Amino acid sequence: MDRVQITKTILWIITGLTAAVGITRFAFGLGAVTNLTDATPWGLWIGFDVMAGVALASGGFVITAIFYIMKREEFHPLVKPAVLTAFLGYVAVIVGLLFDLGLPWNIWHMMIYWNFHSPLFEVGWCVMLYTTVLLLEFSPVPLEEASRYAKIRNFLMKFRFPLVLVGIMLSTLHQSSLGSLFLIMPFKLYPLWYSEILPILFFISAVALGLMMVSLESLVSSYLYRRKTESHLVAKLCKAAIWVLGLYFVIRMSDIIATGKFGLIFSGTWESVLFIIEMAMTVVIPIALFSIPRVRRSLAGQWVGSLLVVLGMVFNRINVGGLTMLRVTGDTYFPSWTEIIITLGVVSGAALAFLFAIEKFHIWKKRPRHPESDRHAKPHFDRTSEVWLGAPGVAARTRYSFAFVLSFAVAFAFLPGKKIHSGGIEEVPTRKARGGDTLFVDGNRDGYGVTFKHDLHMAKNGQKQSCILCHHMNLPMDKQSGCYACHRDMYSPSDAFRHDWHASSAGANLACHQCHEPDEERMAFTAKKCEDCHKDLFVPGSLIEVEKHVASSYTDAMHGLCVNCHKRKAMELPDKPNLARCATCHESTPPDYLQAAIKGKRSGPYFNHVVLPGASVQRKGP
Amino acid sequence: MSVKAILTDVTKCIGCLECVAACKAAYSLKMDLPKTWQKNDGLSANNWTSILQKAGNHYVRKQCRHCHQPACVSVCPVGALSKTPEGPVIYDSGKCLGCRYCMMACPYGIPRYDWDKPVPYVRKCIMCYDRIKEGKQPACTTACPVGATIFGDRDELLAEAHRRIRQNPGKYLNKVYGEHEVGGTSVLYISDIDLGFLSYQPNLGELALPQTTSTAMKSVPYTFVGVGAFMLGLNWIIKRRMKLQDQEVEKEK
């Protein structure tokens, strides 16, 4: 397979994976497919898809300014690909947003609900208008293919200059407003990135990025389709980039020096290292490379330079978008694979559309001579497609559909099932309470527990008769099972009946009919009850009813045992009005013999979550 | 109705969590379990106020501050969050598109999200706006058994706060939190410990956050027209130069 076919196969695979993850995102919500948190509500999808995406699509307004405004006619070959890249880029941004927004079906609300104070309102409107402008700017290209659209095409071509002008005006606004978004977060953004001139810095970097994206796009598509590059034009863009990048560097460093932040660059923090890397990638190395004419005109120099600027500016957007806020928020966010695949998928979709347009429409002077693009080419066999799939166009469709469907199916195997079903609740296995007469109940061993005076409770509730108030089940052949043996998770219910063990030959080796009636459905509620075989399972006379084999969560079980009785006693006893307060039990100090073990474990605030007791424990009687 | 506020006296709070429970009961919020996306401060989509326990038996209530010039209100692109004349900052879920800019902008990190729902909304304290409009108190201040958190007119509560500080020298820090912070808030605190941990920076200053974006936003129309004029001018100059050059070439012929 040749380069284009390999590339397209990979892109279709990524798109297939993305389709599966995309369905999951809409079916189960953002928590199931992202690692976004309350502390980091904006992650990869905003930092890359939206911010970097809009910046990367700046080639459109830059090249149209060069060609139509500055009338540099020699850049004509670069105009159509650049406008196409920009259009697909903005569509990709909007599709990415549809994934990221919590309520994407309300995305049109910006048209009817206005808030002029919001930079995001400004960005939203400008992106909407500019995408329309790009569509109108690009549509003459596909319309050229059929003569019956000639009238519409001529109409659009007449307005090309006003469209370009409005496009540049709109681009200036929203490229800078993406920077304005962060002006309101002076307390979160690391000082080396926060600046009162963020909008200006974002705009200048977008211009530089536009020049480099046009260059990179030319280099990549020439490589894929094995055609001669417009290297002389790219060299000129690189030369212009020296000035724009230099201006960006001067303005940004002046701002940092003027606001007294210069020392931070050498402070040795991880953010300062990121800053140095970012400046090296976006400014220092590219300017050095491009300043040497021989390097600037060489293919390698153009590849390395444009790639560095592109990756460096993406890095800048990610830094501003949230990476450098992690110190203040204290969060440790890293995108999940499902988040990354949706980002890659949106980009792949845009790339596939780009390749389609390059092959089908008159974007380059000569359409690429590619077996798939030329319907009348003679079919040929190669190593991987020894099988006759048909004419090249058909073979391509078959190959890519197969790649898409296969990846779509495979993705479902790797979806994070636990994450989807748990609803965000982490698995926390419980440990036994420690002690004897006085128990320290600390299921998740985080140092915050309840000191339970077992002997005192026994004494106050009638000694031997008090056991049945709390103890209700033991494991088979055990006389004093701890609660943790069945209530195995802190916050989620757990299965107390191990069906697989009972059925397997390595375990109890029971046949199905020994518990299930032959003519009934094989369900838990039609099977034998536990006590039908295990005579010693239940504590005789216990006041706690157990109807199902699903044990409630540890927190539910503990609260269910204690709270109602404490509430009653608080009203009955004359001298203990605070008995039912959370802090009465939860504030207790650990017993002496545990102080050493727990010391140093407790840190930070305690009352983290109000886990109001669930009604999961039913009692027969009081 | 004049501007209302809530005053919380940290020295009086006993950490009974009645305010938390009352808030949950008032809005039928579900039982809250620790989730992977939650911050370690007790607030979540199902907990709109929380109690933080600090060293030395100090209990500090955390909730939305209902700022006078809220960052969240100014950044919401569709105006789903709005500041009412009575004080509370309320949320209109019908307008929201889920961009979560409010969560990014708030300097106290208050708004929380329904990450586990396919139809998620932004969740935060709304100072029981429906009850306030009926002339009642919010659920939390009604429930507080020791009067640590109280509701009333902002002016009166400010006077009360200053009176308590004045009449109990040494008991409180000489500062009413929320009086001038970020332009003034409708949730005030008096305390004997520093409350800097309630926000992303201990000292937020007195500048209202919407002022940070107002210059940029006000210059939008001028930038729009200015860039257009500049581009037209540049184009005209270049076309003229090309025309003059062509004329010179013609002349030489």
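A:W337 sits in helix α16 of chain A, which covers residues 337-360. The model is predicted. How exposed is A:W337? Its relative accessible area is 36%, so A:W337 counts as partly exposed. A:W337 also belongs to a nonpolar surface patch. The other members are A:F402, A:L406, A:V410 and A:F414. Together the five make a patch of about 520 Å². Helix α17 of chain A, residues 392-414, gives the largest share, with four residues. A general point about helices helps here. An α-helix has 3.6 residues a turn, so residues three or four places apart point the same way.

Now look at helix α4 of chain A, residues 59-69. Is this helix covered or open? Helix α4 is mostly covered, and 11 of its 11 residues are buried. Among them are A:F61, A:V62, A:I63, A:F67 and A:Y68. Glycines count here too, for A:G59 and A:G60 are on the buried list. After the helix comes A:K71. A:K71 has a positive phi, near 55°.

A little further along chain A is a charged pair. The side chains of A:R72 and A:E74 meet in a salt bridge, at 3.2 Å from N to O. Side chains of opposite charge can pair when their charged atoms come close. Both partners are partly exposed. A:R72 has a relative accessible area of 34%, and A:E74 has one of 31%.

Other salt bridges in chain A have other settings. A:R227 and A:E230 meet at 3.4 Å, N to O. A:R227 is partly exposed, at 24% relative accessibility. A:E230 is buried, with a relative accessible area of 10%. The cut-off explains the two labels: buried means under 20%, and partly exposed lies between that value and 50%. A third pair is A:K418 and A:E427, with 3.9 Å from N to O. A:K418 is exposed at 64% relative accessible area, and A:E427 is exposed at 56%. Salt bridges can also link up through shared partners. In chain B, they join B:D9, B:E160, B:R163 and B:R164 into one network. How many salt bridges are there over all chains? A search of the whole structure finds 21.

Chain A also holds an open sheet. Three strands form this sheet in the order β1-β2-β3, and the pairing is antiparallel. β1 (434-435) and β3 (450-453) stand at the edges. Each has a single partner strand, so one side of each is left without a neighbour in the sheet. β1 pairs with β2, residues 438-441, over two bridges. One of the matched pairs is A:G435 with A:L439 in β2.

Turn next to chain B. Its strand β2 spans residues 50-54. Why is this strand largely enclosed by the rest of the structure? Four of its five residues are buried, so the strand is largely enclosed. β2 of chain B pairs with β3, residues 58-62, in the antiparallel sense over five bridges. B:L52 has B:V60 as its bridge partner in β3. In a regular strand the side chains alternate between the two faces of the sheet. The two strands of chain B form a hairpin, with three residues between them. In the turn, B:G56 has a positive phi of about 80°.

Helix α1 of chain B, residues 18-26, packs against this hairpin. Its buried residues are B:C19, B:V20, B:A22, B:C23 and B:K24. They pack against β2, β3 and α5 (139-143) of chain B. The helix is followed by B:S28, whose phi is positive, near 50°.

Last comes the place where the two chains meet. Here 75 residues of chain B are in contact with 78 residues of chain A. The two chains bury about 6,900 Å² between them. What share of this area lies on carbon and sulfur atoms? That share is 68%. Across the interface the rule finds one salt bridge. A:D100 forms a salt bridge with B:R100. Their closest N and O atoms are 2.8 Å apart.

Note on methods:
Residues are numbered from 1 along each chain as its sequence is written. Chains are lettered from A and ligands numbered from 1 in the order in which they are written. This is a predicted model: local features need pLDDT of at least 70, side-chain atom pairs count only at pLDDT 80 or more; totals for chains, interfaces and linings use all residues. Side-chain values use heavy atoms; hydrogens and water are left out. Buried means under 20% relative accessible area, exposed over 50%, partly exposed in between (1.4 Å probe, protein chains only). Two strands pair if DSSP finds at least two bridges between them. Patches are made of residues with over 30% relative accessible area and no salt bridge: like charges are joined within 9 Å, nonpolar side chains (Val, Leu, Ile, Met, Phe, Trp, Tyr) within 5 Å. Accessible areas come from the Shrake-Rupley method with a 1.4 Å probe; for residues, only the protein chains shown count as cover. A salt bridge is a side-chain nitrogen of Lys or Arg within 4 Å of a carboxyl oxygen of Asp or Glu. Contact means heavy atoms within 4.5 Å. Buried area is the accessible area (1.4 Å probe) that two parts lose on being put together, summed over both.
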